[in-house]
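Please look over the sequence and the structure shown here before reading on. The report that comes after them takes up one helix and its surroundings.

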Amino acid sequence: MTAESRNFKQQPAADSKLDQWLSRKKTKTQDQSLIKKLPDNQLAPLSYGQLRLWFLQQLNPGNPFYHYAERCTIQGELDNIHLLDCFEKIVDRHDILRTTFHESNGSPWQQVNPTLAPERIELDLSGLNRSEKHRRIDGITLEQATRSFDLVNGPLIRIGLFSIDEQCHELVLIMHHIIADQGSMEIIREEWADLYRGKDNDPPTGYRYVDFAFDQRQQTVNKVNQEYWLQKLAGDLPRLEFPTTQKKKPGNDPYQGAYHQWSIPTQTVAGLKELSKQSEATMFVLLLSVFKVLLYRYTGESDILVATPVSNRNQLYLEKMIGFFNETMVLRDQLTGSMSFSRLIKEVQSTVLDAFSHQDIPFESVVKELKPDRLASSNPLFQVMFLYHKTQDTPSLGPDLKWEHRSVDIGVSKFDLTLHFHEDHDQLTAFFEYSHNLFDLE
């Protein structure tokens, strides 16, 4: 379930479509009798989401834009060997973490390997001074996060543990997104903490990610959902022109970029939540509306398309499964200078609710039907992405250990501009991921 759908459950909605969608979701998750498992004698296809990443990787070999990298600071007396062994046990439990990707007759397929240990780095840096310790960790992390993965031979995971002193450690985890998404990282952290504390969870469900991919590829396209998106995205799709001093140059690496992160003041967060409540809209909808106003003012474009990722973990057996389950929805709204902000919120709320009620369709099938003009350096339907993620409490490694995880800036931007919000209780953190071809930090 996506962060957005969780937020919908926490707040009243102005539209009955929400209740209908949630009821439909609940019903669908209970029926596992029709799931088609991969036959033993058949090559495992890629899921639609994996297929998208695989093709992008073929077009841009060596580019790390779909690498996931996070860094954790662990405070306390840590059993280093036990921590790393527990992670390898997770790899043993989940087939997708031992999967590699191959091609036969022009078609990609995935193979689960009996064993495939992650690349592992352990360094004791306690003898170095403070600045040298962090310089070494930063350098190794960036090198490991940007070094391309071999999808054919694997492994697609790298893990590093750096001891700063007896009470402080830095953990780095790097994976290719083709085997894990944001929801998967939460599952990994939960299992990892349980295993470290000596609690062995129930083994994963009898279904594997390759079963999900096979079942998904057997499904026919939902014509109602397809027709909704074909109508919603019909006509000439505008390209947002930002008034930047740099111009996009075809010869440059289109995926070079960076992060800019900042915290929203607590008083502002309280005001946003009150406005969200008064507007009967989720924080997702409210902040997306603000973002659309920003884009409207800077580009002068009234037809604003912003994409957002959603998870298609819409079956009960997928809730604790590691893998790549992301799909993309394009949220299109018309803005005018005379429109009030409260009216815009209602328009965006309606767009979001309609989109979620028609989300069960592969993004690729929509693109295929629309046949938009394609540029090698940009997405055919949108240039800007918006994400809103409600941070889960980090599971505890033990009473005397604290670990805090954070994303790593690896110098890429998948789109022209991405705005990402993290809500952690009463704290709201935002960051822009931006293309160097369009923006300077200033």
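The following sections describe helix 10 in a model that is predicted.

## Length and end of the helix

Helix 10 covers residues 283-299, and at 1.5 Å a residue its 17 residues should span 24 Å, which agrees with the 24 Å that separates its end C-alpha atoms. After helix 10 comes G300, a residue whose phi is positive, near 75 degrees.

## Buried residues

How many of the 17 residues of helix 10 are buried? The number is 12, so the helix is largely enclosed by the rest of the structure. The buried residues include M283, F284, V285, L286, L287 and L288, and also among them are S289, F291, K292, V293, L295 and T299.

## Place in the nonpolar core

The largest nonpolar core of the model has 121 residues, and those with the most contacts inside this core are I179, W192 and F386. Helix 10 gives the most to this core, contributing nine residues.

Leaving aside residues up to four places away in sequence, F386 touches F284, L287, L288 and F291, among others, and of these residues F284, L287, L288 and F291 are buried in helix 10. The contacts of F386 also include V306, A307, T308, P309, L419 and F421.

## A residue at the surface

V290 also lies in helix 10, but V290 is partly exposed, because its relative accessible area is 40%, and partly exposed means a value between 20% and 50%. Together with L275 and F341, V290 makes a nonpolar surface patch of about 210 Å².

Notes
Residues are numbered from 1 along each chain as its sequence is written. This is a predicted model: local features need pLDDT of at least 70, side-chain atom pairs count only at pLDDT 80 or more; totals for chains, interfaces and linings use all residues. Side-chain values use heavy atoms; hydrogens and water are left out. Helices (H or I, at least four residues) and strands (E, at least two) are DSSP runs, numbered from the N terminus. The expected span of a helix is 1.5 Å times one less than its number of residues. Buried means under 20% relative accessible area, exposed over 50%, partly exposed in between (1.4 Å probe, protein chains only). Patches are made of residues with over 30% relative accessible area and no salt bridge: like charges are joined within 9 Å, nonpolar side chains (Val, Leu, Ile, Met, Phe, Trp, Tyr) within 5 Å. Accessible areas come from the Shrake-Rupley method with a 1.4 Å probe; for residues, only the protein chains shown count as cover. A salt bridge is a side-chain nitrogen of Lys or Arg within 4 Å of a carboxyl oxygen of Asp or Glu. A nonpolar core is a set of buried Ala, Val, Leu, Ile, Met, Phe, Trp, Tyr and Cys residues joined through side-chain atoms within 4.5 Å. Contact means heavy atoms within 4.5 Å.
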